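Trainee: I'm new to this one and would like a close look at a single part, the last helix. Could you walk me through that helix and then place it in the rest of the chain?

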Amino acid sequence: MYAPRTTPWPLVALFTAGYLAPYLLPTTVGRLERGLDLTATQAGAVGSLLLLSSATAGFLLASRVERTGARTLARLGLVLAAVGYGGAALTTSVPAVLAGAVVGGFGSGTATTVAATRIAAEKDPHRASTLGLLSVSALAGAVYLTVPHLPGHGLTLAAIALTALAVWPLTSRLPGGTSGPAAEAAETTEAHGIGGRLPHRRSGMVLAGAMLLWSLAQNALWGVSGRIGVGQAQLSEPTVGVVFAVALGAGLLGVLGAGALGSRLGRALPIGGGTVLIAGCIALSASATGLGSFAGGEIAWNTFYPVVLSYLIGLAASLDPRGRWAVLVGSASSLGTAAGPLTGSVLSAQAGFPVMGAVLAVGLLLVAVPMTGVALHTGGRPLLPGAVRRRGGHPAAVVAATTGTPSGAVPEVGAPEQSVVEIPLDGTPAAAQGAYDTAAATRAPGGM
């Protein structure tokens with residue numbers, strides 16, 4: 001019998017609440033610029049501080065989710081997001097808006113940290129992250145269709161705050177902190193070196209650095225896309241909003257395709273090849289002078305972006321079953337995201353949008369090399385449940401005889417076949433040697 005595959009809806013919702021702020025960045029920055037009479041650079045700086053606060057939360061809380069409890073931290077993050085973004089939406093005072101954006105950003109980062117940590121612990125982290133990207137893309141698309149027709153600087157901020165409030169009831173299904181015997185067991189595990197030391201340290205550091213630059217390039221353009229559409233392409237704000245909504249709709253199709261493709265092509269090809277395609281889309285969008293080129297660049301870009309991002313999230317999650325690399329790489333990505341709006345504003349102000357796009361495209365081509373190298377070098381945790389981990393991951397082998405788990409699932413396309421070492425467990429009868437075997441092809445439980 002194959003174990004049924006359940007959908008982690010609370011994590012999907014939390015992922016959506018945490019990622020919504022970066023997805024709404026162009027309209028948030030544009031609304032602040034026009035509604036509060038800020039310069040483009042000042043509005044971009046507000047967006048950068050919001051995302052920098054989000055990244056800070058990830059770095060501070062990466063190792064605290066298990067002990068503090070996913071439920072507690074998730075609720076804290078959602079409260080901060082609701083209060084911060086809600087307060088910023090209700091005031092026209094620039095210092096108050098800035099403070100609210102920083103508080104809300106920390107709340108978004110906290111929610112994202114909890115979601116990333118828990119998703120990494122899922123049997124199929126790629127599927128969970130794909131569902132999260134589908135959810136946030138659909139919600140952001142709905143906002144882009146609605147906001148341009150309504151006045152006010154704080155509508156997008158209010159949308160993020162309301163999303164945080166809506167997700168709150170689902171946090172009751174998240175686990176609390178470890179205490180008593182569970183805490184003692186965790187301490188014993190770390191004392192014996194199981195899960196205490198970060199695995200794949202070199203690969204994780206390279207991936208974190210590459211993700212910082214990758215996200216910076218993405219959000220340097222995303223942060224000024226609204227200005228490109230309105231200023232350079234001479235489109236109205238509602239038309240730009242429709243383009244963004246269609247682009248995010250295309251992103252939904254891209255994520256669905258990534259979910260259906262799964263591990264068939266491994267991770268290296270989608271990450272490396274997809275980044276090359278994204279570089280071309282960025283150059284096209286930044287040089288747009290009309291509806292056709294602007295819409296074409298934005299739609300193609302938003303189709304490929306979530307596909308590559310889903311594989312990068314899965315790769316980071318696969319490096320450590322406790323989710324620490326997922327959080328640390330995600331926080332590094334948030335640093336790049338935070339620097340994106342200001343970088344885009346400065347580059348476009350100094351050299352113009354087309355030159356900015358060319359610089360970002362070249363940077364993406366360069367950063368694609370180390371990301372692809374990490375994907376090739378380490379398979380991390382397999383995409384399929386019940387599979388054997390590669391290259392010294394912890395634990396060194398997965399007992400395939402676990403109830404409901406088929407023995408010997410394929411780790412990942414291109415991963416070498418490995419034999420499994422029997423690990424005796426105290427108080428558990430040792431399984432027969434025939435229960436262990438080398439990794440062999442089988443279908444995933446509940447596979448699509």
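Mentor: Let's start with a term: accessible areas here come from the Shrake-Rupley method with a 1.4 Å probe. On that basis the chain has an accessible surface of about 17,800 Å², and 66% of it belongs to carbon and sulfur atoms. Keep in mind that this is a predicted model. Its average pLDDT is 77, with 78% of the residues scoring at least 70.

The chain has 16 helices and zero strands, and the helix you want is α16, residues 353–377. How far apart should its ends be? With 25 residues at 1.5 Å each, α16 should span 36 Å, and its end C-alpha atoms are indeed 36 Å apart, so the two agree. There is still a bend of about 25 degrees at Ala368, and Pro370 follows within four residues.

Now for the side that is tucked away. Among the buried residues of α16 are Phe353, Met356, Gly357, Leu360, Ala361 and Leu364. Further along, the buried list includes Val367, Ala368, Met371, Thr372, Val374 and Ala375. That spacing is worth a thought: an α-helix has 3.6 residues a turn, so residues three or four places apart point the same way. What do the buried residues of α16 pack against? Their partners are α10 (201–222), α11 (225–232), α13 (268–286), α14 (291–318) and α15 (324–351).

Met371 also leads us into the wider interior. The largest nonpolar core has 108 residues, and Met371 is one of those that touch the most other members, along with Leu14, Leu207, Trp214 and Phe294. The largest share of this core, 12 residues, comes from α14. A second, separate core has six residues, including Ala62, Ala317, Ala326 and Val327.

Take Phe294 as an example of those contacts: beyond four places in sequence, the residues it touches include Ser225, Ile228, Gly229, Leu235, Phe244 and Ala288.

Stepping back, 54% of the 448 residues of the chain count as buried. Contacts reach a long way along the sequence too: of those between residues at least 6 apart, 84% join residues at least 24 apart.

One caution about what comes after your helix. Over residues 380–421 pLDDT stays under 50, although the model has 113 contacts there beyond four places in sequence. Residues 427–448 also stay under 50, with 44 such contacts. Where pLDDT is low, the predicted coordinates should not be read in detail.

Conventions
Residues numbered from 1 in each chain as written. Predicted model: local features only at pLDDT ≥ 70, side-chain atom pairs only at ≥ 80, totals over all residues. Heavy atoms only, no water. Helix = DSSP H or I, 4+ residues; strand = E, 2+ residues; numbered from the N terminus. Expected span 1.5 Å × (residues − 1). Bend = angle between axes of the 7 residues up to and from the residue. Buried < 20%, exposed > 50% of the residue type's maximum accessible area, 1.4 Å probe, protein only. Contact = heavy atoms within 4.5 Å. Core = buried A, V, L, I, M, F, W, Y, C linked by side-chain atoms within 4.5 Å. pLDDT = per-residue confidence, 0-100.
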